[in-house]
Structure formats: structure tokens, C-alpha cells
Amino acid sequence: MSGYESLSVPPEGGFSRARWVAPPAGIELLDPAVLPAGFRAGGVACGIQGQGATDLGAVVCDDETVASAVLLTANAAAAAPVRVCRDSLRQDGIRAVIVNSGNANAATGEQGIRDALAMRDGLAAGLGLAPETVAVAETGVIGVPLEMKAVLDGLPDLVEGLGGEAAAAGAVRFSEAIMTTDKWPKRVSLTVDGITLSAQAKGAGMIEPGFATMLCFVQTDAVVERPEAALRAAVGSSFERITVDGQMSTNDTVLLQATGGSGRPLPAGLLEAVLLQLALEIVADGEGASRVGRIEVTGAADREEAELVARKIANSPLVKTALLGRDPNWGRIAQAAGQALAGQDVGDLGPDVIAAEGIAAGGREADLGLRLDRGDGSAHVYFSDLTHEYIVINAEYTT
């Protein structure tokens, strides 16, 4: 495991391990098994991943008036569960979500759609919910039909585990049920200003969201009057700012459910801080990653240009290996920036406008910078280094 661990076990009782996260004051961390009032969760091993791994999970909200929002991948080859959520989900009244890991149910044709609907309908029937209020999310290998017998056989145990004494550790089991190549579960439960918020995420590879994230589920008893706007803003400053390998998943999904039971609004900046911390954990767990970098591009012609340059630098194998080796080779940053703006003239990009010394610094986080002197545009991206372990994991992913 890298030096990063679960958000639920931060150093010295604090909220975040990352220097770039600034949470609101007064946060009290709770046991990760704790969910806001009105929510239940669970997870079981149904055999999709094998070896006894927990691989089927669900989160349920008992409040019929839940406010919700979901953001989904922009990948043109979107997986079956994403298509089901786009076409059939009541996105402003999501009561539950069912998730499996080990199989993405992507590139599986009409059978994949039928299987995703069968998952949804099975959980809805078990809980007495309208099918259109149940979301579906899946993650794992692409192009392999889902083992529906395993899923349907596991559903009764999953539903049973959502009630009674078995539900006490349900959130923990759910956070484990959504993992694939993750080295640790990414989860948090906290209270602040009279509200409770919990979240679970997964992701380690195939990470560069163009919209949404890998998988992330957020529950709160706060009042959220405009859940889609709140979620979009928080995702925009967190999951939209990360990359591991420049690859957009077919299954990216992020879901927010809010009951309003506390009678209090979300504290300013709380959702943004929680999602940024989870996003940085995903980068830190980037399939063999040992370090996280932040590249900030300023002085670009506009924000779009800054974004283009920052992502080209963050996804450069040469920059990523320099981060691994603590080699402050500013020439690699200059090359990547020039490649991003090929056909234009940006003059000499040297150490007077490139800050690369952070690569050589100790610790697992590094700040890099580039000033272009072309305008007022700026953007930043968080990225992981590139290690031999990433190659091994992905070279042998299906074998």
C-alpha cells in the first residue's frame, strides 16, 4: 500500500492527509459504519469477483421525499448501468442504488441493458420501491457478460442485510463491495454544524473523468435545495481535477442523496472538501502510485487553454516518471506544454516560468507550476506518478 490510507483514519484526528484540502472548521469524524439517519447500506459476496470478495452492495434511503442528483460519464461507449440511469431513473428522487464490482457490464449489448434492469428491478422488489427510483452502478472488466445468476442469488442476502442487526456495519461492507483494483476503501462519515454526511468512493485506474467520477455515493441529512447544482459544483472542483492515466471510464457515476432531516443546510465548502479528499485518495491509489502531483498553469490565453496544457503535462509519461524518481526535469514540462499548443509560438519555456523543484522535495505530494504569459486563464490538475506496478496490473488485468 502507498503511504495514503482511508479517509476514515486521518492523522492525529484531522480530516485530510492532503495539503490541498481545506475543510470547514468543527468537523467531527465518525466511525465509517455510521450513516445519516434514514439511510441503510449493505454488501455481500455473490461470486462475481470470486475468492469471497464482497462484490454486491446497496444504499437505501427510507425518506420518500429524498432530494437527489446523479452525474454520469460522458464516454460515448457508456456502460449499460449508465444508460439505464440516463433513460429510466427518476434522478431527482433516487431512493436506492445497487452496485456490483468485478464486471462493468459495458460493451455487452442489449443483454447488458436487460441485466442492469434486472438488478434494479430485483432490489426494487425486495425493498418495495418503484423501479425508477433505484439507480444502478457497476465496475470491473469490460466486454464480459454479467453473471446474472450470481447477482440474483445474492440479492436476497443483500436485502436481508439491509435491516436489523446486520445493518450496523452495512456502510463498511458497501464501501468494500464497490472496490476492484483499489488497495483500500475510500470512505468517510462526519458531523458538523448539526448535520451528518457520509460518502463512499472507489477508483484507482482508468481515471480522467470528463464528467462525474469513477464511483462515488454521498448521503446526508442536510437540506440541499438544488442537489444537482451542488453536486456539479463539488465535482467540478474535485473529481474533474484528477487524472491517473488519462483514460475516461465507461461507468463513471456520482450520486448524492439528501433527506433534509437535520433541518440545516450543508456548511459552505463541506461537499467540495469531502469530494476533493476522496478524489485525491483515488489518485494516491492510482494502481501502483507512490506520489501525487499538482500542476497549476497560469497566464494562459483562457481557461480552456490552461486546462489543455495542464492535462497534457499531468498525463505525460515523462513527467509522471520524473515525479516517481524525484527528478526536477523542467524540460519535460516545457515539452508537454509545447505539445499541447502545437502550431503556436509560446517562446522559450524555461526555469523562469516553470516551477519543477517540488518534484525533488521529500514527501508524497509535489506542487508544480507553469506561467505562460498569454492571458488570464488558469487551471490545475492532480495526477499520480507512473510505476512498474501500474504496468503489471494493467498488462494482466483479464488474465
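Here a colleague asks about a predicted model and the modeller answers.

Colleague: What should I know about the numbering and the cut-offs in this model?
Modeller: Residues are numbered from 1 along each chain as its sequence is written, and side-chain values use heavy atoms, with hydrogens and water left out. This is a predicted model, in which local features need pLDDT of at least 70, side-chain atom pairs count only at pLDDT 80 or more, and totals for chains, interfaces and linings use all residues.

Colleague: How many disulfides are there?
Modeller: A disulfide is a pair of cysteine sulfur atoms within 2.5 Å. For C61, the nearest cysteine sulfur is that of C216, 16 Å away. For C216, the nearest is that of C85, 14 Å away. By this rule the count is zero.

Colleague: Is C61 buried or exposed?
Modeller: Buried means under 20% relative accessible area, exposed means over 50%, and partly exposed is in between (1.4 Å probe, protein chains only). C61 has 0% relative accessibility, so C61 counts as buried.
C216 also has a relative accessible area of 0%, which makes C216 buried.

Colleague: Which element gives the most residues to the largest nonpolar core?
Modeller: A nonpolar core is a set of buried Ala, Val, Leu, Ile, Met, Phe, Trp, Tyr and Cys residues joined through side-chain atoms within 4.5 Å. The largest one has 44 residues, and L197, F239, V274 and L275 have the most contacts inside it. Elements giving two or more residues include β8 (195–202), α5 (227–236) and α6 (270–284); helices (H or I, at least four residues) and strands (E, at least two) are DSSP runs, numbered from the N terminus. The top contributor, with 12 residues, is α6.

Colleague: How many residues are in the second core?
Modeller: This core is separate from the largest one. Its members include A314, L372, V381 and F383. The count is 28 residues.

Colleague: What does L197 touch in α6 and elsewhere?
Modeller: Contact means heavy atoms within 4.5 Å. Neighbours within four places in sequence are left aside. The partners of L197 are P36, V188, S189, L190, V218, Q219, T220, L266, L270, L271 and V274.

Colleague: Where is R294, and is R294 buried or exposed?
Modeller: R294 sits in strand β12 (residues 292–300). Not counting residues up to four places away in sequence, R294 touches W20, A366, D367, L368, H380, V381, Y382 and F383. Its relative accessible area is 15%, so R294 is buried.

Colleague: Are α1 and α2 roughly parallel or roughly perpendicular?
Modeller: Axes are lines fitted to C-alpha atoms, for helices over the stretch in contact, and angles run from 0 to 180 degrees between N-to-C directions. The axes of α1 (residues 80–88) and α2 (residues 109–127) come within 8 Å and cross at roughly 65°. Angles under 35 degrees count as roughly parallel, over 145 as roughly antiparallel, 65 to 115 as roughly perpendicular and the rest as oblique. That makes α1 and α2 roughly perpendicular.

Colleague: Which residues make the contact between α1 and α2?
Modeller: From α2 come G112, I113, A116, L117 and R120. From α1 come A80, P81, R83, V84 and S88.

Colleague: What covers the buried residues of α1?
Modeller: Those buried residues are A80, P81, V82, V84 and C85. Their cover includes β4, α2, β6 (134–141) and β11.

Colleague: How are α8 and α9 oriented to each other?
Modeller: In α8, L318, V319, T321 and A322 meet R332, I333 and Q335 of α9. The two axes come within 9 Å and cross at roughly 160°. The helices are therefore roughly antiparallel.

Colleague: Is V319 buried or exposed?
Modeller: V319 is in helix α8 (residues 317–325). Leaving aside neighbours within four places in sequence, V319 contacts I313, R332, I333, L368 and F383. With a relative accessible area of 1%, V319 is buried.

Colleague: What is the phi of R326?
Modeller: R326 lies in the loop between α8 and α9. R326 is partly exposed, with a relative accessible area of 34%. Its phi is positive in a residue other than glycine, near 55°.

Colleague: Is Q51 buried or exposed?
Modeller: Q51 lies in the loop between β2 (39–44) and β3 (56–61). Phi of Q51 is also positive, near 55°. The relative accessible area is 88%, so Q51 is exposed.
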